[in-house]
Amino acid sequence: MRTRVVPALGALVLALILSGCGDTGPDKKDRSASDAAAASGEGGATYRLGEASPPQESAMQKYKGSTFTVTPTKVETGSRADLEASGLELDEGDGAKVPVYVSATLSLKSGKPMAVGDLDDDLVVRTDKGERTRSLIVLMGQATWPNCPAQDTEKRLSARQSESICNVFLIPQGQKPAAVELTQGFTVAPLEWPVG
């Protein structure tokens, strides 16, 4: 039995994986200024893979007051063969896709315990062609990926606990991941981790 993805939601609802690489980014002095801008709501900041985001306050009512950080650590592009072997079945209208694997560390800093799946739902992969996609969410069945084990999205973290995750994003074949982004709503630019 093949796993199906809801086609209407396309890449926004596929499965979970983030990916980020590179060592480009501002130096500490510049980063402090960009952190201050991000904290004041003026816009996003740029980080190197392995650098944690500033504490983010959960926008979910059930976690009101909880803060967490996200640290993308590694981004890898998979192959069409990975997708074909995963058990995931896409509709023809979805076009040719390849998986991008994003490894990250999620850390709950304060507040009410949060589910792992609620800590990483604002992660996005932006391609070199400017397309953005959220991690894959498999609605029925299961998909398997090399070097990216499935995670327990219902696992709850308490304050000062961390969890390493791997999410899968599907991007159009022929495009490359340019950055991992953490969205901060519609009025504030996302934080980003360029892929080198």
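## Strands, a disulfide and a ring pair

Colleague: How many helices and strands does the secondary structure of the chain come to?

Modeller: This is a predicted model, in which local features need pLDDT of at least 70 and side-chain atom pairs count only at pLDDT 80 or more, while totals for chains, interfaces and linings use all residues. Residues are numbered from 1 along each chain as its sequence is written, and side-chain values use heavy atoms, with hydrogens and water left out. Helices (H or I, at least four residues) and strands (E, at least two) are DSSP runs, numbered from the N terminus. On that basis, the chain comes to 3 helices and 12 strands.

Colleague: What share of the residues in the chain is buried?

Modeller: Buried means under 20% relative accessible area, exposed over 50%, and partly exposed in between (1.4 Å probe, protein chains only). Out of the 196 residues in the chain, the buried share is 45%.

Colleague: And what part of the contacts with a separation of 6 or more joins residues 24 or more positions apart?

Modeller: A contact here means heavy atoms within 4.5 Å. Taking the contacts in the chain with a separation of 6 or more, residues 24 or more positions apart account for 75%.

Colleague: In what order do the 4 strands of the open sheet lie?

Modeller: Two strands pair if DSSP finds at least two bridges between them, and in this open sheet the pairing is antiparallel. Strand 2 (56-57) and strand 10 are the edge strands, each pairing on one side only. Read across the sheet, the order is 2-3-5-10.

Colleague: How many bridges join strand 5 to strand 10?

Modeller: Let us start on the other side of strand 5 (residues 97-110), where 10 bridges pair it with strand 3 (residues 67-77) in the antiparallel sense. One of the partnerships there sets Glu76 against Tyr101 of strand 5. Towards strand 10 the run is antiparallel too, and Ser103 stands opposite Cys166. The number of bridges between strands 5 and 10 is 12.

Colleague: Is strand 5 largely enclosed or largely open, and how many of its 14 residues are buried?

Modeller: Ser107 makes a good example: its place is in strand 5, and it is buried because its relative accessible area is 9%. Strand 5 is largely enclosed by the rest of the structure, because the buried residues among its 14 number 11.

Colleague: With which side chain does the side chain of Ser107 make a polar contact?

Modeller: Not counting residues up to four places away in sequence, Ser107 touches Thr67, Phe68, Thr69, Gln161 and Ser162. Of these, Thr69 stands opposite Ser107 in strand 5. A polar contact is a pair of N or O atoms within 3.5 Å; within protein, one must be able to donate a hydrogen and the other to accept it, and residues adjacent in sequence count only if both atoms are side-chain atoms. At 2.7 Å, the partner of the Ser107 side chain is that of Ser162.

Colleague: Which residues form the disulfide?

Modeller: A disulfide is a pair of cysteine sulfur atoms within 2.5 Å, and a search of the whole structure finds 1. It links distant parts of the chain, 18 residues apart: one end is in the loop between strand 8 (132-134) and strand 9 (156-157), the other in strand 10 (residues 161-172). Both cysteines are buried, and the link is left-handed, with -115° about the S-S bond. With sulfur atoms 2.0 Å apart, the pair is Cys148 and Cys166.

Colleague: What kind of pair do the rings of Tyr101 and Trp145 form?

Modeller: Rings of Phe, Tyr and Trp (its six-membered ring) pair if their centres lie within 6.5 Å, with planes under 30 degrees apart counted as stacked, over 60 as edge-to-face and the rest as tilted; the whole structure has 2 aromatic pairs. Tyr101 in strand 5 and Trp145 in the loop between strand 8 and strand 9 are 44 residues apart, and both are buried. Their ring centres are 6.2 Å apart and their planes at 65°, so the pair is edge-to-face.

Colleague: What is the phi of Asn147?

Modeller: Most residues other than glycine have a negative phi. Asn147 lies in the loop between strand 8 and strand 9 and counts as exposed because its relative accessibility is 70%. Although Asn147 is not a glycine, its phi is positive, at about 60°.

Colleague: Is Arg160 buried or exposed?

Modeller: Arg160 is found in the loop between strand 9 and strand 10. It has a positive phi of about 75° although it is not a glycine. Because its relative accessible area is 73%, Arg160 is exposed.
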